[in-house]
Amino acid sequence: MSSLLISSEASGKLSAIASAKVLPTGASAQIRIAALVTVRKWNSDFPWAAQARMALESGVDAKAVDAINNKQKASFANAEDQAVHDVAKEVVESGTLSQTSFDAAMKVLGNRKLIEALPSPNCCSKPNISRVMPVLPPT
């Protein structure tokens with residue numbers, strides 16, 4: 001995903017696809033959950049604010065958003081949402097996914113959703129954000 005964020009052309013196309021609702025309907029909240037875990041890991045305040053708003057709009061529970069913001073394990077009523085959170089948290093924190101976690105996530109998510117749930121651990125690091133966000137001169 002980070003390579004898409006670096007390219008404004010690719011990012012624009014991805015936004016167009018998402019706004020056309022080509023992405024699966026149920027995937028929106030899960031994409032936001034993975035994004036929240038990732039931006040919180042890197043303490044990226046602007047992306048956090050944007051992702052938190054979109055997560056709440058997509059139906060992610062406010063208590064879960066708060067838990068992620070506080071770098072705690074969030075709890076979800078939906079097993080798929082929980083699996084996405086757990087996968088994202090492990091990948092972002094350790095850079096890998098253990099076989100045990102992989103097997104558990106596969107049972108709940110299946111292959112495609114598991115792949116979609118995997119965040120890029122460095123997509124929202126400050127050096128990458130600086131390539132994505134315009135640098136504004138001081139006012």
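This is a short walk through the helices of the chain and the salt bridges that link some of their side chains.

Keep in mind as you look that the model is predicted. Let us begin with the overall fold. The chain has 8 helices and 0 strands, so that the elements read α-α-α-α-α-α-α-α along the sequence by the DSSP assignment. Of the 139 residues in the chain, 34% are buried. The accessible surface comes to about 8500 Å², and carbon and sulfur atoms supply 58% of that area. Contacts across the sequence are worth a glance too: among those with a separation of 6 or more, 55% join residues that are 24 or more positions apart.

With that picture in mind, we can turn to the charged side chains. Side chains of opposite charge can pair when their charged atoms come close. In this structure there are 4 salt bridges, and we can visit some of them in turn.

Start in helix α4, which spans residues 45–57. Here Glu 57 pairs with Arg 53, with 3.3 Å between the closest N and O atoms. Both residues belong to this helix and sit 4 residues apart, about one turn of the helix. How open is each partner to the surroundings? Glu 57 is exposed, at a relative accessible area of 59%, while Arg 53 is partly exposed, at 47%.

Now move along to helix α6, where Glu 93 and Lys 89 form another salt bridge, their closest N and O atoms being 2.7 Å apart. These two residues also lie 4 residues apart in one helix, about one turn. Their surroundings are worth checking on the model: Glu 93 is exposed, with a relative accessible area of 53%, whereas Lys 89 has a value of 16%. Lys 89 therefore counts as buried, because the cut-off for that class is under 20%.

Which salt bridge ties together parts that are 33 residues apart in sequence? For that, look at Lys 113 and Glu 80, whose side chains meet with a distance of 2.8 Å from N to O. Lys 113 is in helix α7 (residues 99–117) and Glu 80 is in helix α6 (residues 79–94), so this pair ties together parts that are 33 residues apart in sequence. Both ends of the bridge fall in the middle class of accessibility: Lys 113 is partly exposed at 33% relative accessible area, and Glu 80 is partly exposed at 23%.

Looking back over helix α6, you will find Glu 80 in the bridge to Lys 113 of helix α7, and the pair Glu 93 and Lys 89 within the helix itself.

Definitions and conventions
Residues are numbered from 1 along each chain as its sequence is written. This is a predicted model: local features need pLDDT of at least 70, side-chain atom pairs count only at pLDDT 80 or more; totals for chains, interfaces and linings use all residues. Side-chain values use heavy atoms; hydrogens and water are left out. Buried means under 20% relative accessible area, exposed over 50%, partly exposed in between (1.4 Å probe, protein chains only). Contact means heavy atoms within 4.5 Å. Accessible areas come from the Shrake-Rupley method with a 1.4 Å probe; for residues, only the protein chains shown count as cover.
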